[in-house]
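Open the model in your viewer and keep the sequence panel in view. The stops below each name something to select and say what is found there.

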Amino acid sequence: MKKLKSWGQGGWWLSWAVLAALGLFSGCGGSDLKFPTEYQAVFLDNGQVFFGKVSDPGSSYLTLRDVYYVQTLVEKDQKKTANVLVKRGSEWHNPDFMRINTKHVVVIEPVGPDSRVAQLIKEAKAAPAPKAETPPLAPTPKAETPPPAPAPAPTPAPAPSPSGGRR
């Protein structure tokens, strides 16, 4: 019967490495998600990108506040496109935050303070907020009044007699 080798010096190294690895990776997937910048870019699996302030990263839905997104405008006549940064909240339902299912988040990155996005956000905050566009109100239906009756047709004058009015 063979004797098994004792742990010896090599076994301690292996157990120490395993414990170190567990300690190193224990923070992954936790809720302590902090960024050095004010705004973050959240990339979703459908290609959408939102810029805002991330909170609640440990839950299954993260919260994004002060949200912006890029909208592409197309001028068909001149065949030009332009990208515009839009503040979320100017829509008809006036949302002030978003809850995003973390299953659809591909990556979250910091928005650099000197980036073009950060500059556009600063400009948008400095400008007066545009009024939300409201849909036109439909005219209220009025009780229908019947149309005025047509004026009576004038009665024709009696036709002159063939004798010229003499008898």
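Start at the hairpin of E2 and E3, and select Asp56. This hairpin has five residues between its strands, and Asp56 takes a positive phi near 55°. The model is a predicted one.

Next, show both strands of that hairpin. E2 and E3 pair in the antiparallel sense, over five bridges. To see one place where the strands face each other, select Lys53 and Arg65: Arg65, in E3, is the bridge partner of Lys53.

Now go to the other hairpin that uses E2. E1 and E2 also pair in the antiparallel sense, here over four bridges. Select Gly47: in this hairpin, with four residues between the strands, Gly47 has a positive phi near 95°. Then select Ala41 and Phe51; Ala41 stands opposite Phe51, which belongs to E2.

Keep Ala41 and Phe51 selected for the moment, and turn to the nonpolar cores. The largest of them has 13 residues. Select Val42, Phe50, Leu64, Ile100 and Val105, the residues with the most contacts inside this core. Colouring by strand shows where the core comes from: E1 (40-44), E2 (49-55), E3 (61-75), E5 (97-101) and E6 (105-110) each give two or more residues to it. The most come from E3, which gives four.

Which residues does Ile100 touch, apart from those up to four places away in sequence? Select Ile100 and look for Val42, Leu44, Ser60, Tyr61, Leu62, Leu64 and Val105.

There is also a second core, separate from that one, with eight residues. Ala41 and Phe51 are among them, as are Leu85 and Val111, so add these two to the selection. The last stop is Asp66, in strand E3. Is Asp66 buried or exposed? Asp66 counts as buried because its relative accessibility is 15%, and the cut-off for buried is under 20%.

Show the side chains of Asp66, Lys87 and Lys125. A polar contact of 3.1 Å joins the side chains of Asp66 and Lys87. The side chain of Asp66 makes another polar contact, also 3.1 Å, with the side chain of Lys125.

Finally, display what surrounds Asp66, leaving aside its neighbours within four places in sequence. The residues in contact with Asp66 are then Tyr39, Phe51, Gly52, Lys53, Lys87, Asp96 and Lys125. Two names in that list come from earlier stops: Phe51 stands opposite Ala41, and Lys53 has Arg65 as its bridge partner.

How values were computed. Residues numbered from 1 in each chain as written. Predicted model: local features only at pLDDT ≥ 70, side-chain atom pairs only at ≥ 80, totals over all residues. Heavy atoms only, no water. Core = buried A, V, L, I, M, F, W, Y, C linked by side-chain atoms within 4.5 Å. Buried < 20%, exposed > 50% of the residue type's maximum accessible area, 1.4 Å probe, protein only. Contact = heavy atoms within 4.5 Å. Polar contact = N/O pair within 3.5 Å; in protein donor to acceptor, adjacent residues only side chain to side chain. Pairing = 2+ DSSP bridges.
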